[in-house]
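User: Got a minute to walk me through this one? I'd like to know how the helices pack and where the open space is.

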Amino acid sequence: MHSTHSLPIGDDVHTKDYKVQLSVHGEELDSKTIIEDVSRGFFAFGAFYKLALLALAALFAVGIVVFVIRAADGLGDASRHQWDYLAAVFAFIVSAAGCAPLIAVALRMTRNHWRRPISRIAELYAVVGLLSLLMFIPLLRVLPPIDGRRTLWFTDEFPGAPVWWNFFGLLGLVIAGLALLFVSALPDWLQTSRRGQGFRAGFAGVFAGRWTGTEAQWKLHRAVLAIMGAFYFLLLIYMLSIINTDFVMSLVPGWKDAIMPAHQALTGIQSALALVLITAFLVRTFGGYKKYFPMEVFWSSSKILMALCLLWAYFWFAAFMTFWYGRMPVEQTILKTFMFESYFIPFLINIFCSWLIPFFGLLMWNPVRKSVWGPTLASCFILVGAFFMMVRLYVPAFNIEDVTAFSLETVPAAVTPNAGDIFIIIGALSGAVFLYMLAAKFIPIISIWEMKEGLLYQRVRTLFRSRFLMVGKPD
């Protein structure tokens, strides 16, 4: 084990050449190679990438046109049922993409080394928050007033409740995510600005500002990342809980459940890790960064993903058993509406894709977990399950007419998406991917400074007949 307490953190050390393997079977890398590889990928703008951006932009534009045509009929409580699938896809995006920066924050705080290749991939999803904020505005317009219905806002003496509290909460979350991304990218902008020309090199140089990599700047950099990360975590859990409460439970008369808001927050964290792993697989396969993503990155992530699948099942079972044993009429109606009658098929897809298939079919088996494709395939199922969870929660809630009733007396019929809903869903998802891919051409998708820092802490050494990766702790 290497002693690392005396390692300086200035920029001069980060530019030294250390030939280090990132894994037992990996290639040897040094600081200069990392900078050159990431800068080359950053400035590359191939025809396929441009074509994909154009296609995504076109689908995004179609979704916007359909939205504008539908919004021309008015945005209000009377038209709330028209925005059910917009609410579902918004909840999916804000849960998965909104929780992604938290993956980088949590793994950085626990001093993980295998997280270094995926840190920036996770942080970059902060830009999707801009789309979430825009989608949130029409949903706030159709949210009925709190008068006469059960809400978390038990009194109307809260000025601006619930609309403005929701809006400023999400606005603060988006700003915190972008600030976290900006601070994290400062050292990488300086490195890439020195190795390219043109608009994006100038952009990187301007945003790098006065960053020179002094020891004082690195200490401030670490402190700001820790503070912004903690702030982002607090705001994220608050917003996911309040969105579920105001846009699902308070629209269903008689629904009282303390577990559901936490269940959506947990689903967000599970789907965020899945989203980051899928993105890492795509970057590894098509981005030319294969040597930066050893199998250990997916193997280590899969253990957390497996635990999150079990937690998802625990949260669902805890909420289900409360209603099952309570057996009050309204509780039976809610179970039939959201699980066993009206939205039975979305519920089956949800439970199979969020728990049964990823856990029992894939992640519990060592050869699958210890691979690149296994955790990636499980992540695909998890994202599908998370989307259908939002469908079975938000669509029925937005179609209940009398939200001021004492309880939900009858089981409403299922509402399937029409052509406009499908265009809005595809447009929103395409817009999220478009923003992410565009941002990846202005911010390096691999964190150079974290990869270089990792070279200081790890070595592959031989013990008897085997080779092992030895890892030092920074403090």
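Analyst: Sure. Before the pairings: when I say residues "meet" or are in contact, I mean heavy atoms within 4.5 Å. Also keep in mind that this is a predicted model.

User: Okay, start with α13 and α15. At what angle do they cross, and how far apart are the axes?

Analyst: Helix α13 covers residues 344-363, and its axis comes within 7 Å of the α15 axis, with a crossing of roughly 160°. Angles over 145 degrees count as roughly antiparallel, so that is what α13 and α15 are to each other. As for handedness, the crossing is left-handed.

User: Which residues of α13 and α15 meet there?

Analyst: From α13 you have P346, F347, I349, N350, C353, S354, I357, P358, L362 and L363. On the α15 side they meet P375, L377, A378, F381, I382, V384, G385, A386, F388, M389 and R392. Sorted by class, that contact has 17 nonpolar, 3 polar and 1 charged residues.

User: And α9 against α10, what's the angle there?

Analyst: About 125°, with the axes of α9 (residues 215-247) and α10 lying 8 Å apart. That angle makes α9 oblique to α10. Their crossing is right-handed.

User: Which side chains should I click on for α9 and α10?

Analyst: In α9, pick I237, L240, S241, N244 and T245; in α10, their partners are M260, P261, Q264 and A265. The split for this contact is 5 nonpolar, 4 polar and no charged.

User: What about α4 and α5, how do those two pack?

Analyst: Helix α4 (residues 84-109) and helix α5 (residues 116-123) pack at about 145°, and their axes are 7 Å apart. α4 goes past α5 in a left-handed crossing. The contact brings A100, P101, I103, A104, L107 and R108 of α4 against I118, S119, A122 and E123 of α5. By class, those residues divide into 7 nonpolar, 1 polar and 2 charged.

User: Switching topic: how much space is in the largest pocket?

Analyst: About 1100 Å³. Its lining takes in 32 residues, and Y49, T279, L282, Y436 and M437 lie nearest the centre.

User: Which elements give two or more residues to that lining?

Analyst: The list is α2 (31-43), α3 (47-71), α4, α10 (260-286), α15 (373-398) and α16 (419-439). α10 supplies the largest share, with 6 residues. So α10 turns up both here and in the pairing with α9.

User: What's the lining of the pocket like by class?

Analyst: It has 27 nonpolar, 4 polar and 1 charged residues.

User: Last thing, backbone oddities. Is the peptide bond from A161 to P162 cis or trans?

Analyst: That bond is cis, with omega near -5°. P162 sits in the loop between α6 (129-142) and α7 (163-193).

User: And what's phi at R111?

Analyst: Near 60°, which is a positive value in a residue other than glycine. You'll find R111 in the loop between α4 and α5, the two helices with the left-handed crossing we talked about.

Definitions and conventions. Residues numbered from 1 in each chain as written. Predicted model: local features only at pLDDT ≥ 70, side-chain atom pairs only at ≥ 80, totals over all residues. Heavy atoms only, no water. Axes fitted to C-alpha atoms, helices over the stretch in contact; angles between N-to-C directions. Helix = DSSP H or I, 4+ residues; strand = E, 2+ residues; numbered from the N terminus. Left-handed = near helix turned anticlockwise from the far one by under 90°. Nonpolar A, V, L, I, M, F, W, Y, C, P; charged D, E, K, R; others polar. 1 Å grid on protein atoms, 1.4 Å probe; cavity = no way out; pocket = protein on both sides within 12 Å on 5 of 7 lines; lining within 4 Å. Points joined across faces, edges and corners; volume = space filled by probe spheres on them. Parallel < 35°, antiparallel > 145°, perpendicular 65-115°, else oblique.
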